[in-house]
Amino acid sequence: MTTHDLPVIAAVDGSTHSWQALDWATHEAERRRLPLLIVHVRPLTRTADEETRLREADELLAEAVRRSEALAPALNPSTLAPLDFPAAALVSLGRDASMVVVGSRGLGGFRSLLIGSNSLATASMASCPVVVVQDGGPGEDDRPEEAGTSSDIVAGVAADESSEAVLEFAFATAATRPGARLRIVHGWTMFSSMLAGGPVFDRETAADSARRGLAELTSGWQERYPQVEVVREPVNGSASRTLVTASATAALTVIGRRRGGESLGLGLSPVAQTTLTHALGPVAVVPC
């Protein structure tokens with residue numbers, strides 16, 4: 001199986017959020033012409049007998065297949081029900097996947113949490129991109145009516161870490177959506193300009209430097225994907241605030257994560273952590 005054949009994995013547990021993740025994964029697998037693998041991890045901590053647990057898993061997966069086939073009849077998804085801790089199973093399966101798609105919270109999630117521990121752990125440790133399909137958190141009734149309606153793909157890039165993987169995923173995603181616009185956001189400050197060897201006291205010169213740096217960072221990718229309209233947004237100030245705001249109407253917000261994380265949240269920069277926990281739409285966390 002080549003990298004182009006690796007499946008999109010959708011994790012389901014019967015929660016509303018996991019059904020939303022399944023819908024998103026189904027559409028994405030169809031757009032990318034990739035297989036869809038629907039996974040229900042049977043938790044190690046449940047007390048029901050094994051026969052009951054297997055029957056419940058089979059029923060849940062059968063319902064998931066019906067839901068997916070209703071959205072994409074030609075997709076023919078496969079299923080898997082491993083016995084493991086949810087995040088551990090998804091991280092393991094992610095080694096042979098194009099991406100893992102999870103809901104922001106599962107059945108065991110607390111209403112007050114913006115993102116569940118399994119979703120955060122999977123996004124923090126998986127070796128493939130992880131898409132967390134947000135529902136707007138505890139205040140979802142306050143979520144803008146237009147949330148998620150734009151075809152924009154938003155990507156957050158930083159000058160102090162590799163952004164190649166983020167840009168590759170963002171451009172490839174935008175290319176599967178005819179007419180989609182890719183907004184590339186880079187936050188800069190006078191301090192970050194100083195660390196990069198740029199001007200310290202001249203704000204306009206620092207802004208010009210940020211614009212030039214962003215253009216150089218993205219020029220090669222735009223040549224590879226000429227069909228994608230690109231908007232570059234160097235932001236003086238909080239990149240995370242810009243990304244969270246943009247996520248409310250974006251089809252997907254893409255952020256990076258340093259590789260090597262082995263514990264909850266490790267590898268997520270402050271910008272990535274804030275974006276992931278407060279976003280109002282789907283967020284892709286890409287290992288860099």
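Select Leu36 in this predicted model and display its surroundings. Leaving aside neighbours within four places in sequence, Leu36 is in contact with Val8, Ala10, Leu22, Ala25, Thr26, Ala29, Ser68, Leu75, Pro77 and Ser78. Leu36 is also among the residues that touch the most other members of the largest nonpolar core, together with Val101, Phe171, Leu182 and Val254. That core comprises 45 residues. Next, select residues 164-175, helix α5, which supplies the largest share of this core, seven residues. A second, separate core holds 29 residues; colour Ile9, Val130, Val154 and Ile255, which are included in it.

**The sheet**

Switch to a cartoon view and follow the strands. They form an open sheet of 10 strands in the order β3-β2-β1-β4-β5-β10-β9-β6-β7-β8, with mixed pairing. Select 78-80 and 229-236 to mark the edge strands β3 and β8, each of which pairs on one side only. From one strand to the next, the twist averages 20°.

Begin at the β3 edge. Strand β2 (residues 36-39) runs parallel to β3 and is joined to it by three bridges. Select Val39 to see one position in detail: its bridge partner in β3 is Leu80. Now add residues 86-93, helix α3, which packs on the sheet and touches β1 (8-11), β2, β3 and β4 (99-103). The direction of α3 makes about 170° with that of β1.

**Strand β5 and its partners**

Move to β5, residues 130-133. On which sides do its valines lie? Val130 and Val132 are on one side, Val131 and Val133 on the other, and all four are buried, so that both faces of the strand are covered. This arrangement may be read against a general pattern: in a regular strand the side chains alternate between the two faces of the sheet.

Two pairings of β5 can be inspected in turn. With β4, the pairing is parallel over four bridges; with β10, it is antiparallel over three bridges. Val132 takes part in both: it is the bridge partner of Val102, and its bridge partner in β10 is Val283. Then select residues 270-278, helix α9, which lies across β5, β9 (252-257) and β10 (283-287). Helix α9 runs at about 145° to β9.

**Helix α2**

Select residues 50-71, helix α2, and place a distance label between its end C-alpha atoms. They are 32 Å apart, which agrees with the 32 Å that its 22 residues should span at 1.5 Å a residue. Within α2, show the side chains of the buried residues Thr52, Arg53, Ala57, Leu60, Leu61, Ala64, Val65 and Ser68. The buried residues of α2 pack against α1 (16-32), β2 and β3.

**Two loop residues with positive phi**

Most residues other than glycine have a negative phi. Two residues in loops depart from this sign. Select Arg33, in the loop between α1 and β2; its phi is near 60°. Is Arg33 buried or exposed? Its relative accessible area is 78%, and it is therefore exposed, the cut-off being over 50%.

Finish at Asn76, in the loop between α2 and β3, where phi is near 55°. Asn76 has a relative accessible area of 60%, so this residue is likewise exposed.

Terms used
Residues numbered from 1 in each chain as written. Predicted model: local features only at pLDDT ≥ 70, side-chain atom pairs only at ≥ 80, totals over all residues. Heavy atoms only, no water. Core = buried A, V, L, I, M, F, W, Y, C linked by side-chain atoms within 4.5 Å. Buried < 20%, exposed > 50% of the residue type's maximum accessible area, 1.4 Å probe, protein only. Contact = heavy atoms within 4.5 Å. Pairing = 2+ DSSP bridges. Axes fitted to C-alpha atoms, helices over the stretch in contact; angles between N-to-C directions. Expected span 1.5 Å × (residues − 1).
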